[in-house]
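Visitor: I should like to understand how the terms applied to this model are justified. Could we proceed term by term?

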Amino acid sequence: MKYTDASLPIPVRVEDLLARMTLEEKIAQMQQVPANLVTEEELFAWAERGCGSFLHVLGEKADELRAVQAKTRLKIPPIFGIDAIHGHALLRGATVFPSQLAMACSWNNELIKAVGKATAKEVRADGLDWTFSPVLCIARDTRWGRVNETFGEDPYLIGELGKAIIEGYQEDKHMIACAKHYIAYGEATGARDAYDSEVTVRKIREVFLPPFKKAIEANCSSVMTAYGSADATPITAHKRLLTDILKTECGFNGFVVTDWQNVQNLIQLQKITDNMEDAAKIAIEAGNDMSMATLEFYDAALKSARNGDIDPARIDDAVRRILTVKFTLGLFDEVKKVDKKEINCAAHKRINKAIADESIVMLKNNGILPLNTAEKRKIAVIGYNADSIRNQYGDWTFYSHPDASDPTEIPANEHYTLLRGIQTEFKECNVQYHYGCSIEDSNDSDIAGAVALAEESDIIIYTVGDSYKQNGEGHDRADLQLTGRQNELFLRLCETGKPIICVAMCAKPLVFNTVAEKSHAFLVSFNGGDYGGLSIAQILAGKLNPSGKLPISFPRHSGQLPVHYNHYEIWHGGRYVDYDATALYTFGDGLSYSDFIYSDLSLSASTAAKEDAITVQVTLQNNAKTDGYETVQLYVNDRFSSIITPSMELKGFKKVFVRAGETVTVQIPLCIADLAVVQPDENYVVEPGEFEIMVGGNTKNTLKTVLTVQ
Ligand code: GLC
């Protein structure tokens with residue numbers, strides 16, 4: 001049979017197989033079954049029915065299900081999906097990389113691509129083929145529970161890093177990525193998970209679509225439909241977004257999988273229909289090719305199709321997309337297995353430490369850092385998260401999905417909490433630890449004990465933050481103030497008069513006003529993975545020069561949100577009566593032990609046509625005695641346009657290494673087409689006029705010049 005002949009072109013094999021399939025076999029390919037939703041017996045019954053995909057299956061179980069499927073009439077292999085979103089972290093012993101938000105602080109495309117590649121190796125070593133990653137959502141209201149899973153607040157940076165990790169995931173062609181959640185999921189009103197996003201299609205094109213376009217450039221093989229809705233139309237039912245724009249206009253040729261129970265949610269939550277046959281019809285006709293969970297989907301879609309309510313060509317298109325990916329993955333052919341030795345291997349540990357090193361952001365340093373490790377002194381390490389690997393890991397690890405049986409379980413793979421990191425880097429010092437207070441529970445604290453330790457120490461390293469239980473799906477917050485008695489303990493520690501270094505170990509931006517104002521140094525480490533604690537300690541010890549830059553802004557108060565940097569300059573009064581308008585820390589912020597001086601900003605042309613590309617050049621000098629990395633950021637302001645545009649938008653960046661005392665020239669390309677606005681009629685137009693070009697190491701101190709577009 002042609003479809004089993006690996007020497008034939010994939011389209012030929014797909015068409016041959018499709019022609020052989022019954023309607024039952026086609027609809028079965030469109031059903032994805034979660035192992036944690038069915039009994040063992042039901043799971044294998046689905047395999048006998050030839051279902052297209054399983055999720056939340058690990059290792060050996062996948063092989064058992066493949067063996068059952070190999071006995072079906074056409075022997076179509078299933079594809080196994082898993083949330084390997086910062087390493088294959090649902091598998092005990094696999095490398096736990098920093099979260100996406102943490103990795104985004106590195107602004108290092110190449111390193112993030114290497115993380116993707118290493119993750120793919122570990123997922124495949126475990127016998128699976130598909131990760132539901134990356135998240136390309138834009139996090140602009142940090143009350144949302146899933147901010148940690150994103151690459152932050154900026155469409156350009158998200159698109160660049162998303163493209164990088166997708167290329168890494170898919171490089172060896174035996175694992176596919178999944179760009180999610182399509183679309184504007186993080187923009188829900190009130191940051192309420194899965195709620196409605198009050199966005200027009202024009203706004204979606206302007207802000208939320210660009211990262212998905214870059215995912216398509218990277219040949220991402222799947223896209224996941226978001227839970228929510230855009231202007232009250234469920235994304236699952238949004239044919240214009242899923243088919244007309246994503247597939248037809250943007251040329252996405254992979255397959256679309258719904259998020260968990262999206263088809264059922266059309267009935268139960270979004271209430272746009274009262275029956276499953278209609279829900280299945282709506283979802284399929286809108287452009288969903290595979291239904292995640294909603295086990296009734298199979299029978300309902302079959303019934304709808306048999307009644308002639310679903311266009312058979314649409315079903316064939318969905319199955320064709322799924323089969324094409326399966327053939328491209330090599331699932332029908334003998335694919336070389338990946339040795340289990342790849343899981344948490346030395347090479348992956350090196351990549352993990354390297355990305356952790358670049359994922360930490362120093363936001364304040366009054367000169368106290370770096371500490372002299374040779375000086376014998378007593379260091380008080382205080383704070384729950386300094387010794388909680390579970391909170392350091394954050395969401396989507398074996399601790400959290402499904403809930404670990406033993407919350408005190410210690411990971412098998414090598415890992416460093418901040419406490420262990422400090423004990424490792426400050427061997428000459430007397431390092432003592434006290435948890436101080438619980439993250440969430442005000443009744444669980446020993447303020448006096450922590451203060452007593454601080455009183456007898458020479459220096460305090462205090463961690464603040466949140467817990468993995470305060471983040472994730474359905475875990476939004478109204479108030480981002482530090483919970484428990486963290487602020488109270490901090491103020492008591494300040495009263496001791498000892499120098500105090502504060503480290504935020506958190507999943508996302510919280511309100512850090514008090515600690516930022518009174519600490520001698522303040523650093524942020526979002527969920528840092530296996531080596532987060534060691535990297536922080538090495539920065540404190542001066543062994544490592546911090547290079548992280550924030551991918552997201554920090555509010556001073558939850559009531560300020562949104563505070564993202566790329567805002568409009570229109571506000572009567574320009575501030576709240578009771579609060580100013582500015583963020584505590586802004587996208588692009590981040591300090592170094594080096595001292596970077598920018599000069600000589602120039603453009604390869606000061607006038608350009610719409611189809612041109614120019615080069616933006618700047619001179620960068622490292623005026624300190626410490627070598628370091630700097631992320632040079634290129635922002636643009638469209639001075640006057642037919643539609644309101646933000647005061648500045650990131651349009652390029654380059655991370656460069658500059659030795660102490662050295663001067664380098666940095667060049668960043670700028671395509672004039674990237675300056676297009678999305679006009680009210682949704683046309684992308686580069687409008688002639690002046691564009692302010694801004695270059696610097698953050699959004700506030702930039703060199704400026706003007707480009708004229710004709
Ligand atoms: C979840 C999430 C999605 C995840 C999927 C499978 O509910 O929304 O991001 O990939 O279900 O676990």
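Guide: A polar contact is a pair of N or O atoms within 3.5 Å. The model is a predicted one.

Visitor: What makes the approach of Y227 to the ligand a polar contact?

Guide: An oxygen atom of the ligand lies 2.4 Å from a polar side-chain atom of Y227. The cut-off is 3.5 Å, so the pair qualifies as a polar contact. For E473, the corresponding separation from a ligand oxygen is 2.9 Å, and for an N or O atom in the side chain of H56 it is 3.2 Å. The protein covers 97% of the 310 Å² of accessible area that the ligand has on its own.

Visitor: Which residues are closest to the ligand?

Guide: Of the 14 residues surrounding the ligand, the closest are D83, R146, H181, Y227 and D259. The shell comprises 7 nonpolar, 2 polar and 5 charged residues.

Visitor: Why is C178 not assigned to a disulfide?

Guide: A disulfide requires two cysteine sulfur atoms within 2.5 Å. The closest cysteine sulfur to that of C178 belongs to C220, at 6.4 Å, and is therefore too far for a bond. The sulfur of C250 likewise has its closest cysteine sulfur in C220, at 13 Å, too far for a bond. The count by this rule is 0 disulfides.

Visitor: Why is C250 called buried?

Guide: Buried means under 20% relative accessible area; C250 has 18%, so the term applies. C178, with 0%, is buried as well.

Visitor: What is the extent of the largest nonpolar core?

Guide: The largest nonpolar core has 171 residues, and I382 is among those with the most contacts inside it. A second, separate core of 28 residues includes L369, L371, F426 and Y593.

Methods. Residues are numbered from 1 along each chain as its sequence is written. This is a predicted model: local features need pLDDT of at least 70, side-chain atom pairs count only at pLDDT 80 or more; totals for chains, interfaces and linings use all residues. Side-chain values use heavy atoms; hydrogens and water are left out. A nonpolar core is a set of buried Ala, Val, Leu, Ile, Met, Phe, Trp, Tyr and Cys residues joined through side-chain atoms within 4.5 Å. Buried means under 20% relative accessible area, exposed over 50%, partly exposed in between (1.4 Å probe, protein chains only). A residue is near a molecule or strand if one of its heavy atoms lies within 4 Å of it. A polar contact is a pair of N or O atoms within 3.5 Å; within protein, one must be able to donate a hydrogen and the other to accept it, and residues adjacent in sequence count only if both atoms are side-chain atoms. Accessible areas come from the Shrake-Rupley method with a 1.4 Å probe; for residues, only the protein chains shown count as cover. Ala, Val, Leu, Ile, Met, Phe, Trp, Tyr, Cys and Pro count as nonpolar, Asp, Glu, Lys and Arg as charged, and the others, Gly among them, as polar.
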